[in-house]
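Visitor: I've never read a protein model before. Could you walk me through one, a feature at a time?

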Amino acid sequence: MLSKKLQKLLNGQLNLELFSAYTYYAMSAYMDERSLDGFSHWMKLQAEEELMHAQKIYSYLSDLGAKIEFLALEKPKQDFESVLDAFETALAHEKKLATELNEISISAFEERDNTTVSFLDWFLSEQVEEVAQTTTICDKLSLVGEDGHGILLLNNELRDRKREESTAE
Ligand code: MG
C-alpha cells in the first residue's frame with residue numbers, strides 16, 4: 001500500500017515524465033525545422049523513452065490500487081539558440097529528473113517502503129545513463145562549435161540511434 005505522500009510524489013513524477021516527452025518532441029521539431037534529421041530522430045526516440053517511463057509509473061500506481069492523477073502540462077521550450085543550446089537544455093532537464101527521482105527514493109526509504117525503493121532503482125540507473133549520453137553529445141557539440149561540417153557529421157551519427165526494447169507493462 002502506497003502512502004498518500006508517495007502517491008502524490010509518484011503522480012508528480014508521472015507528470016514530469018510526460019512533460020519530458022513533450023519537451024523532447026518540441027526539441028525534435030526544432031531540429032526538423034533545420035532539416036537535422038539525425039538530431040530529430042534522437043530526440044523522438046528520447047520522447048518515446050520518456051513515454052515508456054510514464055507508462056511504468058502509471059502501471060506501478062495502478063497495480064497498487066493508487067489514484068492516478070493527470071496534472072496540467074507546461075508548455076515546453078521550443079526556441080533555442082543552437083543545437084548545442086537544445087542539448088544543454090536537455091542535459092539540465094535530465095539532471096533535474098535525476099534529483100527529483102532521488103528525492104522520491106529518499107522519501108520511500110524513510111517510510112520503509114522497500115517496494116517503492118526497489119521500483120525506483122531502475123529509474124535512478126536509467127538517469128545515470130541519460131545524463132551520461134546527453135553529456136557526451138554536448139561535449140561533441142562544444143568541440144565542433146559553429147562548424148557546419150562537424151554538426152552534419154554528428155547529425156549522421158545520431159541518425160543511427162536504435163529504439164530500445166520497451167520494458168513497460
Ligand atoms: Mg524519464
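Guide: We'll go through helix packing, then loops, then a few single residues. Keep in mind that this is a predicted model.

Visitor: Okay, helices. How do people describe two of them lying against each other?

Guide: Two packed helices are described by the angle between their axes and the distance between the axes. Take helix 1 (4-33) and helix 2 (37-63). Their axes are 8 Å apart and the packing angle is about 165°.

Visitor: Which word fits helix 1 and helix 2, parallel or antiparallel?

Guide: An angle over 145 degrees counts as roughly antiparallel, so helix 1 is roughly antiparallel to helix 2. Their crossing is left-handed. As for the residues in that contact, 17 are nonpolar, eight are polar and five are charged.

Visitor: What about helix 4 and helix 5: at what angle do their axes cross?

Guide: Helix 4 covers 114-144 and helix 5 covers residues 148-158. Their axes cross at roughly 155° and come within 9 Å. That angle makes helix 4 roughly antiparallel to helix 5. The crossing of helix 4 and helix 5 is right-handed.

Visitor: Which residues make the contact between helix 4 and helix 5?

Guide: From helix 4 you have I137, K140, L141 and V144, and from helix 5 you have G150, I151, L154, E157 and L158. Sort the residues of that contact and you get six nonpolar, one polar and two charged.

Visitor: Can I check a single helix too? How far apart are the end C-alpha atoms of helix 3?

Guide: They are 41 Å apart. Helix 3 has 28 residues, and at 1.5 Å a residue it should span 40 Å, so the two values agree.

Visitor: Now the loops. What should I look for there?

Guide: Try the backbone angle phi. S35 sits in the loop between helix 1 and helix 2, and its phi is near 60°, a positive value in a residue other than glycine.

Visitor: Where else is there a residue like that, with phi near 60°?

Guide: Look at R112, another non-glycine residue with a positive phi near 60°. R112 follows helix 3, in the loop that leads from helix 3 (83-110) to helix 4.

Visitor: Is R112 buried or exposed? And which is S35?

Guide: The cut-off for exposed is over 50% relative accessible area. R112 has 73%, so it is exposed. S35 has 62% relative accessibility, so S35 counts as exposed as well.

Visitor: What about residues inside the helices, say Q13: buried or exposed?

Guide: Q13 belongs to helix 1. Its relative accessible area is 1%, so Q13 is buried. Leave aside neighbours within four places in sequence, and Q13 is in contact with I57, L97, E100, L101 and I104.

Visitor: And H93, what does that one touch?

Guide: H93 is part of helix 3 and is buried, at 9% relative accessible area. Not counting residues up to four places away in sequence, H93 touches F19 and S20.

Visitor: One more: where is K77, and how exposed is K77?

Guide: K77 is in the loop between helix 2 and helix 3. With a relative accessible area of 43%, K77 is partly exposed. It touches A26, D85 and T89, again not counting residues up to four places away in sequence.

Visitor: How far is K77 from R163?

Guide: That has two answers! K77 and R163 are 86 residues apart in sequence, and 24 Å apart in space, going C-alpha to C-alpha.

Methods. Residues are numbered from 1 along each chain as its sequence is written. This is a predicted model: local features need pLDDT of at least 70, side-chain atom pairs count only at pLDDT 80 or more; totals for chains, interfaces and linings use all residues. Side-chain values use heavy atoms; hydrogens and water are left out. Helices (H or I, at least four residues) and strands (E, at least two) are DSSP runs, numbered from the N terminus. Buried means under 20% relative accessible area, exposed over 50%, partly exposed in between (1.4 Å probe, protein chains only). Axes are lines fitted to C-alpha atoms, for helices over the stretch in contact, and angles run from 0 to 180 degrees between N-to-C directions. Angles under 35 degrees count as roughly parallel, over 145 as roughly antiparallel, 65 to 115 as roughly perpendicular and the rest as oblique. A crossing is left-handed if the near helix is turned anticlockwise from the far one by less than a right angle, and right-handed if clockwise. Contact means heavy atoms within 4.5 Å. Ala, Val, Leu, Ile, Met, Phe, Trp, Tyr, Cys and Pro count as nonpolar, Asp, Glu, Lys and Arg as charged, and the others, Gly among them, as polar. The expected span of a helix is 1.5 Å times one less than its number of residues.
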